[in-house]
Amino acid sequence: MHVSAAGLRYVARDEDLRTKVFRCDDPEGLDRLLGEPVKDGDTPEIEFQYDVTPKVGVERPYIRCAHCGYPNHWRGFVMQHASGARILVGKDCGESLYGASFVRNARDFDQLATRQIQLARLEEVMRAFGPFLGYLAALAHHESVDQVRRLLSDMEAGANTLLRQLQAAARHNSGGLTVVERQRDLAAEAKRTSDKGKPIYVDQTREVGRLAGWTLFRATGEMLPDNIRNTHDTAKVWFNVLIEKRSTDHWTADGLRKLFAGLNAVIDAVENQLEVMTAYKAVVHPSNLLMIAEWASLAPRVPGTWSANPSQLVWKKDSGAVSVIDITPPSAPLDWTPFMTFRRAVRMERVKSPNPPTDGKESSWAA
Ligand SMILES: [Zn+2]
C-alpha cells in the first residue's frame, strides 16, 4: 500500500506548495476527527506529521492511536480520507499498516519546507527585480557616479604622483598618511662613550593623518561607471533566466542555489560601488582636503607644495607652475530604495515560512 509523503498529494505543483503547512502542533484540536478508521472506506493519506514529544520535565499525555484504540504515542500522522474525515495514527501503526516511514516522511517534509522558502524568496525577487534594473540603469549615468570618475581621471591627468601615493596609502596602510622624518636620537647620544657632542640621527615614521574615505583609492582598474554597467549587464542576464523559467516548476534545487549565488554576487558588486560613492563624500570634505595638502607638501615622493580650499586642490610645482584639481561637492545620491528592496528579497530578510523551524524540533523528526 503506498502512502504519499507529508501532504504531497496537495503539492504536486509548486503553486500548491506555496502555502502548504506540514506541521501540526495540535493534532487533537483538528476538526472532523474520527475515533476509528473508516471501515470499507478509501485509504487515508498523510495530511500532517506531528511530534508533540514534551521537553524534559514537562508532563504531556500520550495521543490516542485510532488503530490501537488507546493513548500510546507522541509522534504520528494525521491521515485524511477523501471525505475530509481524519484519524490520528501513531508512528508505528503508520509504518506497519500504511507503509508510511516517519523518518523518510520527515526528510521529504524538510525538502519541501526548504523549497517552500526558496519559492517565496523567488517571488519576492521577481517583484523587486524590475525596479532594481531601473535603478542600476539610472545609477550608471548618475551625477554622484560621474563625479567620482571625474575626480579620479582629473587626478590621473593632473596630479598623477599624488594619486599614486594616495593609492599606496589606501592599499598598504588603511589610509594612514605618513612621512619619514630624521630626528636626533638623544638617548643614544647620552649613552655613548666616544664622539661626545656629535648628533646621532634616527628615522622616525610619523602619521600626518588618516585619509577619510580612503576606500575610494583602493579601487583599481575600471572606472566606476564601467563597473556599474557591467553589474547591470550581469543582472540583466539573471533577469532573463528568471523570465524564461517563469513557471517555478522548472527550477531545480541546484538551479535555485546557483541563481541566488549569482544574485548575491550582483548585490556585493553594487555595495562595493556604493561604498566608493560614500567614500567620495568623505574624501572631498574640506578638512580632509587640507590634511591631504599638508601631507603632500611634506611627503618627499610627492614633489612641490600643496594647498586646498573647499573646491580645489592646488599644486605649486617646483618649477613654479601651478596645477589645480577642481573638487565637486558631493551631489545627493540616487534613491536606493529599489536596491534595498531587492537586497532584502535576495537575502531573504522578508521571507516568512509557513513551516518555520522550531528550536531543536527538526532533529526529533528524523530521530
Ligand atoms: Zn496504533
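**Cores, domains and a small set of strands**

The largest nonpolar core has 52 residues, and V148, L216, V276, Y280 and L313 are those with the most contacts inside it. Such a core is a set of buried Ala, Val, Leu, Ile, Met, Phe, Trp, Tyr and Cys residues joined through C-beta atoms within 7 Å, where buried means that 20 or more other C-beta atoms lie within 10 Å of a residue's own, with C-beta atoms placed from the backbone. This is a predicted model, in which local features need pLDDT of at least 70 and side-chain atom pairs count only at pLDDT 80 or more, while totals for chains, interfaces and linings use all residues. Residues are numbered from 1 along each chain as its sequence is written.

**Cores**
- Helix 9 (residues 253–283) gives the most to the largest core, with nine residues; helices here are DSSP runs of H or I with at least four residues, and strands are runs of E with at least two, numbered from the N terminus.
- A second, separate core of 18 residues includes I46, F77, I87 and F109.

**Domains**
- The domain assignment, which is automatic or from a database, gives domain 1 (8–100) and domain 2 (116–175 + 211–346).
- The centres of the two domains, taken over C-alpha atoms, are separated by 56 Å.

**Sheet**
- Three strands form an open sheet in the order 1-4-5 with antiparallel pairing, and two strands pair if DSSP finds at least two bridges between them.
- Strand 1 (45–51) and strand 5 (86–90) stand at the edges with a single partner strand each, so one side of each is left without a neighbour in the sheet.
- Strand 4 (residues 75–80) is joined to strand 5 by five bridges, and F77 stands opposite V89 in strand 5.

Terms used. Buried ≥ 20, exposed ≤ 12 C-beta atoms within 10 Å, placed from the backbone.
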